[in-house]
Amino acid sequence: MRLLLVEDEPTAAQVLAKGLREQAYAVDIAADGEAAIFQAGTTDYDAVILDVMLPIKNGMDVCRTIRASGCSVPILMVTARDAVEARIEGLDCGADDYMVKPFDFGELLARLRALVRRGQQPLVPERLAVGAIALDTRSRRVWLRNREVGLTAKEYALLEYLARRAGDVVSRGDIAEHVWDEHYDPFSNIVDVYIQRLRRKLDRPGRESAIRTRRGEGYQLTAEPETP
């Protein structure tokens, strides 16, 4: 999942981005309202965390502009303004949810999961199963035939994205856009490297990989047929 974090205070932005990346999110940061509007208009984000008090354009104006463009990306607005009128204004300008600073990081994660689930069509369940592979999207744990598999945050993010698109051929560009952040180098082979890491952890010797390579197109996660 790729997020846009809009926060003008550098230390707060870096601390929050670090925590989100440790939870397998790819995070881009915008430090002012104009940058946020530009990035939201050029990248397919899974959600936006939007501060209200921003330079150049405030969060309310950013939210209205994003919605006016026809973009339906889930927006979680955060602010130190805790008056009821401020929360109403934030929701009325197009935000999907509203949190008041300071907030609990665990609650932020829960609200993000809820927003992303609602933003997916069709609704994605908390537990995903593709053949012998099962994922718990809340705890970010993975099992293979009832045996838990230890994955890094980035390995999990890649597998979950493929699982959400199970059966589809997903291009490297699509994978990079949703699993990596703006620092991704399009000339690198990092996507292929992580695909190989997943295969080493999920595949059985002598069996075709559940992650198929479609030459010139991308990768496809399929349900591995079980032996009788």
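Is R145 buried, exposed or partly exposed? In this predicted model, R145 is partly exposed, since its relative accessible area comes to 28%, and the legends below take up this residue together with several other sites.

**View 1. R145 in the loop between β8 and β9.** The loop that holds R145 runs between strand β8, residues 141-144, and β9, residues 147-149. The phi angle of R145 is near 50°, which is a positive value in a residue other than glycine. With a relative accessible area of 28%, R145 counts as partly exposed because this value falls between the limits of 20% and 50%.

**View 2. A24 in the loop between α1 and β2.** A24 is found after α1, residues 10-22, and before β2, residues 26-30, in the loop between these two elements. Its phi is near 80°, again a positive value in a residue other than glycine. A24 is buried, because its relative accessible area of 6% is under 20%. A24 is also one of the residues that line the second largest cavity, which is the subject of View 6.

**View 3. D51 in strand β3 and its contacts.** D51 belongs to strand β3, which covers residues 47-51, and D51 is buried because its relative accessible area of 4% lies under 20%. Apart from neighbours within four places in sequence, the residues in contact with D51 are V6, E7, D8, G59, V78, T79 and K101. With K101 there is also a polar contact between the two side chains, at 3.4 Å.

**View 4. The cis peptide bond between K101 and P102.** K101, whose side chain makes the polar contact with that of D51, is joined to P102 by a cis peptide bond with an omega of about -10°. P102 itself is found in the loop between β5, residues 97-100, and α5.

**View 5. The largest cavity and its lining.** The structure holds three cavities of 30 Å³ or more, and the largest of them has a volume of about 90 Å³. Its lining is made up of M1, Y25, L112, R113, V116, R117, T137, R140, E160 and R164. Two elements, α5 (105-119) and α6 (153-164), give two or more residues to this lining, and α5 gives the most, with four residues. Sorted by class, the lining of the largest cavity has five charged residues, four nonpolar residues and one polar residue.

**View 6. The second largest cavity and its lining.** The volume of the second largest cavity is about 50 Å³. M1, A24, R140, Y156, A157, E160, Y161 and R164 line this cavity, and M1, R140, E160 and R164 are also found in the lining of the largest cavity. The lining of the second largest cavity divides into five nonpolar and three charged residues, with no polar residue.

**View 7. V193 in helix α8.** V193 is found in helix α8, which covers residues 190-202. V193 is partly exposed, because its relative accessible area of 29% falls between the limits of 20% and 50%. The C-alpha atom of V193 is separated by 26 Å from that of I29, a residue 164 places away along the chain.

Key. Residues numbered from 1 in each chain as written. Predicted model: local features only at pLDDT ≥ 70, side-chain atom pairs only at ≥ 80, totals over all residues. Heavy atoms only, no water. Buried < 20%, exposed > 50% of the residue type's maximum accessible area, 1.4 Å probe, protein only. Polar contact = N/O pair within 3.5 Å; in protein donor to acceptor, adjacent residues only side chain to side chain. Contact = heavy atoms within 4.5 Å. 1 Å grid on protein atoms, 1.4 Å probe; cavity = no way out; pocket = protein on both sides within 12 Å on 5 of 7 lines; lining within 4 Å. Points joined across faces, edges and corners; volume = space filled by probe spheres on them. Nonpolar A, V, L, I, M, F, W, Y, C, P; charged D, E, K, R; others polar.
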